[in-house]
Amino acid sequence: MTPSVDSDWRWGRSAPASSALGDWLHEPGSLTRRLRRHCRHFRVQVLSDSVLRPLTPAQVERLQAGQAYCREVLLLCDEVPWVYASSLYSSATQAALPALAGLGSKALGELMFEATDLQRTPFDLAELSAVEYRRLQTRAGFNAALSDTLPWARRSTLSTGAARVLVTELFLPASAPYRNIV
Ligand SMILES: C=C(O[C@@H]1C=C(C(=O)O)C=C[C@H]1O)C(=O)O
(Lines give C-alpha, C1' and ligand atoms only; values in the text may rest on other atoms or scores of the structure.)
Protein backbone atom coordinates (compact mmCIF):
# COMPACT_ATOMS: atom_id res chain seq x y z
CA MET A 1 0.00 0.00 0.00
CA THR A 2 1.27 3.49 -0.70
CA PRO A 3 1.16 5.99 2.19
CA SER A 4 -2.41 7.20 2.72
CA VAL A 5 -3.12 10.06 0.33
CA ASP A 6 -4.49 12.31 3.08
CA SER A 7 -0.93 13.03 4.21
CA ASP A 8 -0.55 15.57 1.37
CA TRP A 9 -3.91 17.32 1.78
CA ARG A 10 -3.71 21.02 2.75
CA TRP A 11 -4.30 20.68 6.48
CA GLY A 12 -4.56 23.62 8.85
CA ARG A 13 -7.68 25.24 7.39
CA SER A 14 -10.37 26.97 9.48
CA ALA A 15 -13.94 25.84 8.91
CA PRO A 16 -16.63 28.36 7.92
CA ALA A 17 -17.75 29.90 11.23
CA SER A 18 -21.24 29.16 12.70
CA SER A 19 -22.15 26.77 9.91
CA ALA A 20 -23.54 23.24 9.84
CA LEU A 21 -20.23 22.21 8.27
CA GLY A 22 -18.22 23.73 11.11
CA ASP A 23 -20.49 22.04 13.64
CA TRP A 24 -19.96 18.59 12.08
CA LEU A 25 -16.21 19.09 11.59
CA HIS A 26 -15.80 19.84 15.30
CA GLU A 27 -18.10 17.08 16.61
CA PRO A 28 -16.22 15.98 19.76
CA GLY A 29 -18.18 12.79 20.32
CA SER A 30 -18.58 9.70 18.21
CA LEU A 31 -19.36 10.56 14.60
CA THR A 32 -21.00 7.15 14.27
CA ARG A 33 -23.40 7.96 17.12
CA ARG A 34 -24.31 11.32 15.55
CA LEU A 35 -24.77 9.86 12.07
CA ARG A 36 -27.07 7.16 13.40
CA ARG A 37 -29.47 9.91 14.51
CA HIS A 38 -29.96 10.89 10.85
CA CYS A 39 -30.37 7.45 9.27
CA ARG A 40 -33.00 4.78 9.32
CA HIS A 41 -30.23 2.33 8.41
CA PHE A 42 -26.54 2.95 9.14
CA ARG A 43 -23.71 0.66 8.11
CA VAL A 44 -19.94 0.52 7.79
CA GLN A 45 -18.51 -0.68 4.46
CA VAL A 46 -14.88 -1.76 4.84
CA LEU A 47 -12.83 -0.69 1.81
CA SER A 48 -9.51 -2.02 3.08
CA ASP A 49 -7.90 -3.19 6.28
CA SER A 50 -4.20 -3.82 5.73
CA VAL A 51 -0.61 -3.26 6.64
CA LEU A 52 0.57 0.14 5.44
CA ARG A 53 4.06 0.61 4.09
CA PRO A 54 6.11 2.68 3.73
CA LEU A 55 5.01 5.24 6.28
CA THR A 56 5.46 8.91 5.46
CA PRO A 57 7.69 10.82 7.92
CA ALA A 58 4.60 12.69 9.17
CA GLN A 59 2.85 9.41 9.92
CA VAL A 60 5.90 7.98 11.69
CA GLU A 61 5.92 11.15 13.81
CA ARG A 62 2.22 10.85 14.72
CA LEU A 63 2.29 7.12 15.36
CA GLN A 64 4.54 4.99 17.50
CA ALA A 65 7.43 3.54 15.47
CA GLY A 66 7.14 0.22 13.67
CA GLN A 67 4.66 -1.34 11.31
CA ALA A 68 1.42 0.50 10.74
CA TYR A 69 -2.07 -0.69 9.90
CA CYS A 70 -4.57 1.23 7.82
CA ARG A 71 -8.35 0.67 7.92
CA GLU A 72 -10.46 2.48 5.34
CA VAL A 73 -14.24 2.55 5.43
CA LEU A 74 -17.30 4.26 4.12
CA LEU A 75 -20.07 5.16 6.57
CA LEU A 76 -23.40 4.85 4.79
CA CYS A 77 -26.69 6.45 5.79
CA ASP A 78 -29.58 4.58 4.16
CA GLU A 79 -27.11 3.21 1.62
CA VAL A 80 -25.74 6.68 0.71
CA PRO A 81 -22.02 7.18 1.44
CA TRP A 82 -21.73 10.07 3.93
CA VAL A 83 -18.17 9.67 5.28
CA TYR A 84 -14.91 8.18 4.05
CA ALA A 85 -12.66 7.39 7.02
CA SER A 86 -9.14 6.06 7.37
CA SER A 87 -7.64 4.94 10.66
CA LEU A 88 -3.88 4.51 11.05
CA TYR A 89 -2.37 2.70 13.99
CA SER A 90 0.86 0.92 14.92
CA SER A 91 1.62 -2.64 15.94
CA ALA A 92 1.98 -1.37 19.52
CA THR A 93 -1.61 -0.08 19.36
CA GLN A 94 -2.73 -3.36 17.81
CA ALA A 95 -1.19 -5.15 20.81
CA ALA A 96 -2.75 -2.72 23.29
CA LEU A 97 -6.22 -2.94 21.69
CA PRO A 98 -6.56 -6.40 20.07
CA ALA A 99 -10.25 -5.76 19.24
CA LEU A 100 -9.04 -3.40 16.48
CA ALA A 101 -8.00 -6.40 14.38
CA GLY A 102 -11.43 -7.95 14.32
CA LEU A 103 -13.61 -4.86 13.85
CA GLY A 104 -15.00 -5.82 10.45
CA SER A 105 -18.24 -3.89 9.88
CA LYS A 106 -18.46 -2.74 13.51
CA ALA A 107 -17.72 0.99 13.72
CA LEU A 108 -14.38 1.97 15.23
CA GLY A 109 -16.16 4.56 17.35
CA GLU A 110 -18.27 1.87 18.99
CA LEU A 111 -15.00 0.41 20.27
CA MET A 112 -13.03 3.58 21.05
CA PHE A 113 -15.81 5.58 22.72
CA GLU A 114 -16.41 2.75 25.21
CA ALA A 115 -13.08 3.71 26.83
CA THR A 116 -13.56 5.86 29.92
CA ASP A 117 -10.04 7.31 29.48
CA LEU A 118 -10.47 8.21 25.81
CA GLN A 119 -8.62 11.35 24.77
CA ARG A 120 -8.72 13.21 21.45
CA THR A 121 -6.28 15.74 19.99
CA PRO A 122 -7.68 18.97 18.51
CA PHE A 123 -9.07 18.64 14.99
CA ASP A 124 -6.94 19.45 11.99
CA LEU A 125 -9.07 20.45 8.99
CA ALA A 126 -8.59 20.38 5.22
CA GLU A 127 -10.72 21.33 2.20
CA LEU A 128 -9.94 18.95 -0.65
CA SER A 129 -9.45 20.05 -4.23
CA ALA A 130 -11.39 18.23 -6.94
CA VAL A 131 -8.12 16.54 -8.02
CA GLU A 132 -7.34 15.34 -4.47
CA TYR A 133 -10.88 14.03 -4.11
CA ARG A 134 -10.79 12.15 -7.41
CA ARG A 135 -7.37 10.70 -6.55
CA LEU A 136 -8.73 9.40 -3.24
CA GLN A 137 -11.80 7.89 -4.90
CA THR A 138 -9.63 6.10 -7.45
CA ARG A 139 -7.18 4.75 -4.88
CA ALA A 140 -9.71 3.78 -2.23
CA GLY A 141 -12.17 2.42 -4.79
CA PHE A 142 -15.41 4.24 -4.16
CA ASN A 143 -17.63 6.52 -6.20
CA ALA A 144 -19.47 9.48 -4.64
CA ALA A 145 -19.84 12.22 -7.25
CA LEU A 146 -18.67 15.73 -6.36
CA SER A 147 -21.38 18.36 -6.06
CA ASP A 148 -20.91 22.13 -6.25
CA THR A 149 -19.00 22.34 -2.94
CA LEU A 150 -15.56 20.86 -2.29
CA PRO A 151 -15.47 18.24 0.48
CA TRP A 152 -13.91 18.89 3.89
CA ALA A 153 -11.95 16.48 6.06
CA ARG A 154 -10.89 16.38 9.69
CA ARG A 155 -8.24 14.37 11.48
CA SER A 156 -7.34 13.82 15.09
CA THR A 157 -5.67 11.16 17.19
CA LEU A 158 -7.82 9.11 19.55
CA SER A 159 -5.96 7.50 22.43
CA THR A 160 -6.87 5.15 25.25
CA GLY A 161 -4.21 3.56 27.45
CA ALA A 162 -1.25 2.69 25.21
CA ALA A 163 -3.40 2.67 22.05
CA ARG A 164 -3.47 5.61 19.68
CA VAL A 165 -5.30 5.81 16.35
CA LEU A 166 -4.94 8.60 13.79
CA VAL A 167 -8.49 8.99 12.44
CA THR A 168 -9.14 10.92 9.24
CA GLU A 169 -12.78 11.55 8.25
CA LEU A 170 -13.90 13.07 4.97
CA PHE A 171 -17.49 14.30 4.71
CA LEU A 172 -18.71 13.17 1.30
CA PRO A 173 -20.83 15.41 -0.99
CA ALA A 174 -24.24 13.89 -0.10
CA SER A 175 -23.73 14.21 3.67
CA ALA A 176 -25.60 16.42 6.15
CA PRO A 177 -22.95 19.17 6.64
CA TYR A 178 -23.44 20.41 3.05
CA ARG A 179 -27.25 20.31 3.36
CA ASN A 180 -27.37 22.52 6.45
CA ILE A 181 -28.55 19.58 8.57
CA VAL A 182 -27.14 19.35 12.11
C1 LIG B 1 -14.07 7.18 15.51
C2 LIG B 1 -15.29 6.88 15.11
O3 LIG B 1 -15.50 5.79 14.28
C4 LIG B 1 -16.00 6.02 12.98
C5 LIG B 1 -15.92 4.71 12.29
C6 LIG B 1 -14.72 4.34 11.70
C7 LIG B 1 -14.49 2.89 11.29
O8 LIG B 1 -15.40 2.04 11.52
O9 LIG B 1 -13.39 2.61 10.76
C10 LIG B 1 -13.70 5.27 11.49
C11 LIG B 1 -13.88 6.59 11.83
C12 LIG B 1 -15.15 7.12 12.34
O13 LIG B 1 -15.85 7.85 11.36
C14 LIG B 1 -16.50 7.64 15.52
O15 LIG B 1 -17.62 7.08 15.50
O16 LIG B 1 -16.33 8.82 15.92
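Is C77 buried or exposed in this predicted model? With a relative accessibility of 3%, C77 counts as buried, and the residue is also one half of a disulfide, in which the sulfur atoms of C39 and C77 lie 1.9 Å apart. A search of the whole structure returns 1 disulfide. Because C39 lies in the loop between α2 (31-36) and β1 (42-52), whereas C77 belongs to strand β2 (residues 68-77), the pair ties together parts that are 38 residues apart in sequence. The partner cysteine, C39, likewise counts as buried, at 13% relative accessibility. A further cysteine, C70, is buried with a relative accessible area of 1%.

The overall architecture of the predicted protein comprises 6 helices and 7 strands, which follow one another from the N terminus in the order α-α-β-α-β-β-α-α-β-β-α-β-β. The radius of gyration is 15 Å, close to the 16 Å that the globule rule gives for 182 residues, and the protein is therefore as compact as a globular protein of that length. Taken along the principal axes, the box filled by the C-alpha atoms is roughly 40 × 35 × 30 Å. Of the 182 residues in the protein, 51% are buried.

The C-terminal strand pairings centre on β7 (163-171), which is joined to β3 by 7 bridges and to β6 by 8 bridges. The strands run antiparallel both in the pairing of β3 with β7 and in that of β6 with β7. Within these pairings, V83 stands opposite F171 of β7, while T160 has A163, in β7, as its bridge partner. The hairpin formed by β6 and β7 has 2 residues between its strands, and in this hairpin G161 takes a positive phi near 60°. Strand β7 is largely enclosed by the rest of the structure, because 8 of its 9 residues are buried.

Several of the elements described above also contribute to the lining of an internal cavity. The structure holds 2 cavities of 30 Å³ or more, and the largest has a volume of about 200 Å³. This largest cavity is lined by 21 residues, among which T32, L108, G109, V167 and E169 are the closest to its centre. At least two lining residues are supplied by each of α2, β2, β3 (80-90), α5 (108-112), β6 (152-160) and β7 (163-171). Helix α2 and strand β2 thus appear among the contributors to the lining, and these elements also figure in the description of the disulfide, since C39 lies in the loop that follows α2 and C77 in β2 itself. In chemical character, the lining of the largest cavity divides into 10 nonpolar, 6 polar and 5 charged residues.

Positive phi values also occur at residues other than glycine. One such residue is E79, which has a positive phi of about 70° although it is not a glycine. E79 is located in the loop between β2 and β3, where the residue is partly exposed, with a relative accessible area of 41%. Another is N180, for which phi is near 60°. N180 belongs to the segment after β7 and counts as exposed, at 64% relative accessibility.

Two alanines provide further points of reference along the chain. A15, in the segment before α1 (20-25), counts as buried at 18% relative accessibility, and its C-alpha atom is separated by 9.0 Å from that of H26, a residue 11 positions away along the chain. A92, by contrast, is found in helix α4 (residues 91-96) and is partly exposed, with a relative accessible area of 37%. Between the C-alpha atoms of A92 and G102, which are 10 residues apart along the chain, the separation is 16 Å.

Technical notes. Residues are numbered from 1 along each chain as its sequence is written. This is a predicted model: local features need pLDDT of at least 70, side-chain atom pairs count only at pLDDT 80 or more; totals for chains, interfaces and linings use all residues. Side-chain values use heavy atoms; hydrogens and water are left out. A disulfide is a pair of cysteine sulfur atoms within 2.5 Å. Helices (H or I, at least four residues) and strands (E, at least two) are DSSP runs, numbered from the N terminus. Buried means under 20% relative accessible area, exposed over 50%, partly exposed in between (1.4 Å probe, protein chains only). On a 1 Å grid over the protein atoms alone, a cavity is a set of points where a 1.4 Å probe fits but cannot get out, and a pocket is an open set with protein on both sides within 12 Å along at least five of seven lines; lining residues have an atom within 4 Å of a point. Grid points are joined across faces, edges and corners, and a volume is the space filled by probe spheres set on the points. Ala, Val, Leu, Ile, Met, Phe, Trp, Tyr, Cys and Pro count as nonpolar, Asp, Glu, Lys and Arg as charged, and the others, Gly among them, as polar. Two strands pair if DSSP finds at least two bridges between them. The radius of gyration is taken over C-alpha atoms; the globule rule is 2.2 Å times the number of residues to the power 0.38.
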